[in-house]
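Hi,

Here is the structure I promised to pass on. Have a look at it first, and then read my notes below.

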Amino acid sequence: DNATWTHGHHSIAFGGEWSYQISPNPFLPYFNGGFSAGNPQKFLDGAGTLNLADGDYTIHFTEPDAAGYLQDDWKVSQNLTLNLGLRWEFFGQASNLLHDISARREADPSTAFWDTSLPVASRSFAGVPNNFKNFQPRIGFAYSPSDVISRFVVRGGFAVNFDPQFYNMFLNSATAAPVVNLGTVACVTATNCLP
């Protein structure tokens with residue numbers, strides 16, 4: 001939502017937004033296994049390398065996002081307007097889902113992937129604290145030397161902006177230890193790779 005309040009030479013705009021991101025990502029290499037052999041005969045003999053991943057195939061990343069802003073457009077004179085504003089943004093830490101999944105799994109010895117003699121914190125994905133400090137100042141101007149050229153306006157400004165998270169980082173983490181367990185078995189014959 002946005003609103004504007006005009007008072008004298010000031011036009012004050014303010015507003016905010018809130019959204020809840022739901023981003024399921026189905027991706028886990030070798031979830032169904034992968035077998036490679038050096039040549040056709042080795043393939044027929046079942047001799048080669050078997051890769052198999054154990055973990056969640058689909059990671060349901062979610063995050064709340066919020067933002068708010070306040071800006072004053074001050075008409076200093078007939079041909080000069082100054083802009084001063086501040087925006088605040090919050091991006092939830094979607095990667096904390098990886099912490100929740102791995103910590104819950106490792107806390108139960110019957111489902112743990114890793115050596116249970118190690119502390120749970122050592123064998124689970126680290127949590128990331130929320131960042132509430134994304135303050136973004138804005139400053140600008142609009143100058144119209146109407147006595148020189150009619151309908152000519154010079155504008156300038158400066159702003160600090162923050163980018164939302166790049167989900168590819170989360171996918172890379174979701175397909176690696178400690179979130180998943182990827183095993184590689186060298187098969188001399190087919191019987192070596194049978195369960």
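One definition before anything else, as the strand pairs below depend on it: two strands pair if DSSP finds at least two bridges between them. With that in hand, Arg 138 stands opposite Ala 159 in S8. Please keep in mind that this is a predicted model.

**The chain as a whole**

The protein chain has 3 helices and 9 strands. Reading from the N terminus, the elements go β-β-β-α-β-β-β-α-β-β-α-β.

How does the radius of gyration of the protein chain stand against that of a compact globule of 195 residues? The chain comes out at 28 Å, while such a globule would be near 16 Å. The C-alpha trace spans about 90 × 40 × 25 Å along its principal axes. As for burial, 28% of the 195 residues count as buried. The exposed surface of the protein chain is about 12700 Å², and carbon and sulfur atoms supply 60% of that. If you take contacts between residues at least 6 apart in sequence, 66% of them join residues at least 24 apart.

**The six-stranded sheet**

One open sheet has 6 strands in the order S1-S2-S5-S6-S7-S8, and the pairing is antiparallel. At its edges are strand S1 (2-7) and strand S8 (154-159), each of which pairs on one side only. On average, neighbouring strands here are turned by 15 degrees against each other, direction ignored.

Going through some of the pairs:

- S2 (residues 10-26) and S5 (residues 58-77) run antiparallel and are joined by 17 bridges. Within this pair, Gly 16 has Gly 68 in S5 as its bridge partner.
- S6 (residues 80-91) and S7 (residues 134-143) are also antiparallel, with 10 bridges. Here Glu 89 has Asn 134 in S7 as its bridge partner.
- S7 and S8 run antiparallel too, joined by 6 bridges. The Arg 138 and Ala 159 couple from the top of this email puts a residue of S8 opposite Arg 138.

Helix H3 (residues 167-174) lies across S2 and S5, and its direction is at about 160 degrees to S5.

**The nonpolar core**

Which elements each supply at least two residues of the largest nonpolar core? That core has 14 residues, and Ile 59, Phe 61 and Leu 98 have the most contacts inside it. The elements in question are S5, helix H2 (96-107) and H3. H3 gives the most, with 4 residues.

Ile 59 is a good place to start if you want to look around in there. Neighbours within four places in sequence aside, Ile 59 is in contact with Ser 23, Pro 24, Asn 25, Leu 97, Leu 98, Ile 101 and Ala 174.

**The three-stranded sheet**

The other open sheet I noted has 3 strands in the order S3-S4-S9, again with antiparallel pairing. Strand S3 (34-36) and strand S9 (181-187) are at the edges with a single partner strand each, so one side of each has no neighbour in the sheet. The average turn between neighbouring strands of this sheet is 15 degrees, direction ignored. S3 and strand S4 (residues 48-54) pair antiparallel over 3 bridges, and Ser 36 stands opposite Thr 49 in S4.

**Two buried polar side chains to click on**

Is Ser 102 buried or exposed? This serine lies in helix H2. Its relative accessible area is 0%, which is under the 20% cut-off, so Ser 102 is buried. Not counting residues up to four places away in sequence, Ser 102 touches Ser 124, Phe 125 and Pro 178. The C-alpha atoms of Ser 102 and Ala 112 are separated by 8.6 Å, with the two residues 10 apart along the chain.

Gln 93 is in the loop between S6 and H2. At a relative accessible area of 18%, Gln 93 is also under the 20% cut-off, and therefore counts as buried. Leaving aside neighbours within four places in sequence, its contacts are Val 128, Pro 129, Asn 130, Asn 131 and Gln 165.

Over to you, and write back with any questions.

Cheers

Definitions and conventions:
Residues numbered from 1 in each chain as written. Predicted model: local features only at pLDDT ≥ 70, side-chain atom pairs only at ≥ 80, totals over all residues. Heavy atoms only, no water. Axes fitted to C-alpha atoms, helices over the stretch in contact; angles between N-to-C directions. Contact = heavy atoms within 4.5 Å. Rg over C-alpha atoms; globule rule 2.2 N^0.38 Å. Buried < 20%, exposed > 50% of the residue type's maximum accessible area, 1.4 Å probe, protein only. Areas by Shrake-Rupley, 256 points an atom, 1.4 Å probe, with all protein chains shown as cover. Core = buried A, V, L, I, M, F, W, Y, C linked by side-chain atoms within 4.5 Å.
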